[in-house]
Amino acid sequence: MGEGGRGALVARLSDFLESSPYRFESEKPGPMHWHTLLTDCLAALTPIMLHCPDCDREMMAQRADTDPPTAAVARIQCDRCDDGDTHSPEFYDVAGSWVDPVAHLQETCA
């Protein structure tokens, strides 16, 4: 999705959320709540880059429900390099900083 398309989507989602009759705990959420919700919605619509640390193969994939919303890259062995062991992905944001998937899951389940 291009930057213009993303901006238009943010504007449409923002307008929808502001006019929505649904409220959390019968109160209108503050701006930070909307920002977090929009960020999570956009992240869910954005594919994630899968990167194999062994062969450097990369591919875009549909985001899993357990992927942190700020993650742009998931490093995990590809099907060609997989040795049959169980591997967990390591997540990184667009700046290359490590993203803690456990913290995201704790926030989601709280």
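**Exercise 1. The chain as a whole**

What percentage of the 110 residues of the protein chain count as buried? Describe also the make-up of the chain and the confidence of the model.

*Solution.* The structure is a predicted model. Step one concerns burial: 23% of the 110 residues count as buried. Step two turns to the surface, where the protein chain exposes about 7,900 Å², with carbon and sulfur atoms supplying 55% of that area. Step three lists the secondary structure: the chain has 3 helices and 5 strands, and their pattern along the sequence is α-α-β-β-β-β-β-α. Step four considers the contacts with a separation of 6 or more, of which 34% are between residues 24 or more positions apart.

Step five is confidence. The mean pLDDT is 76, and 57% of the residues reach 70 or more. Over residues 22-26, pLDDT stays under 50, and the model has 7 contacts beyond four places in sequence for this segment. Where pLDDT is low, predicted coordinates should not be read in detail.

**Exercise 2. The sheet**

Determine the order of the strands in the sheet and state which strands form the edges.

*Solution.* The sheet is open, contains 5 strands and has the order β2-β1-β3-β4-β5, with mixed pairing. β2 and β5 (98-99) are the edge strands, since each pairs on one side only.

The mixed pairing can be followed around β1. On one side, β1 and β2 (residues 58-61) pair in the antiparallel sense over 4 bridges. The hairpin of these two strands has 6 residues between them, and in it Asp56 takes a positive phi near 65°. With β3 (residues 73-75), β1 runs parallel, and 3 bridges join the two. In this pairing, Met49 stands opposite Val73 of β3.

**Exercise 3. The setting of His51**

Locate His51 in the fold, and decide whether it is buried or exposed.

*Solution.* First, the position: His51 lies in strand β1, which spans residues 48-51. Second, the accessibility: the value for His51 is 14%, and the cut-off for buried is under 20%; His51 therefore counts as buried.

Third, the partners. Opposite His51 in β2 stands Glu58, and the side chains of His51 and Glu58 are joined by a polar contact of 3.0 Å. Beyond four places in sequence, the residues in contact with His51 include Asp56 and Arg57, as well as Val73, Ala74, Arg75 and Ile76. Of these, Asp56 is the hairpin residue with the positive phi, while Val73, Ala74 and Arg75 fall within the range of β3, residues 73-75.

**Exercise 4. The cysteines**

How many disulfides does the model contain? Justify the count for Cys78 and Cys81.

*Solution.* The count is 0 disulfides. Begin with Cys78: the closest cysteine sulfur belongs to Cys55, and it is 3.7 Å from the sulfur of Cys78. A disulfide requires the two sulfur atoms to be within 2.5 Å, so the separation of 3.7 Å is too far for a bond. Next, Cys81 is in no disulfide; its nearest cysteine sulfur is likewise that of Cys55, 3.7 Å away.

Finally, examine the accessibility of each residue. Cys78 has a relative accessible area of 12% and is therefore buried. Cys81, at 23% relative accessibility, counts as partly exposed.

Terms used: Residues numbered from 1 in each chain as written. Predicted model: local features only at pLDDT ≥ 70, side-chain atom pairs only at ≥ 80, totals over all residues. Heavy atoms only, no water. Buried < 20%, exposed > 50% of the residue type's maximum accessible area, 1.4 Å probe, protein only. Polar contact = N/O pair within 3.5 Å; in protein donor to acceptor, adjacent residues only side chain to side chain. Contact = heavy atoms within 4.5 Å. Areas by Shrake-Rupley, 256 points an atom, 1.4 Å probe, with all protein chains shown as cover. pLDDT = per-residue confidence, 0-100. Pairing = 2+ DSSP bridges.
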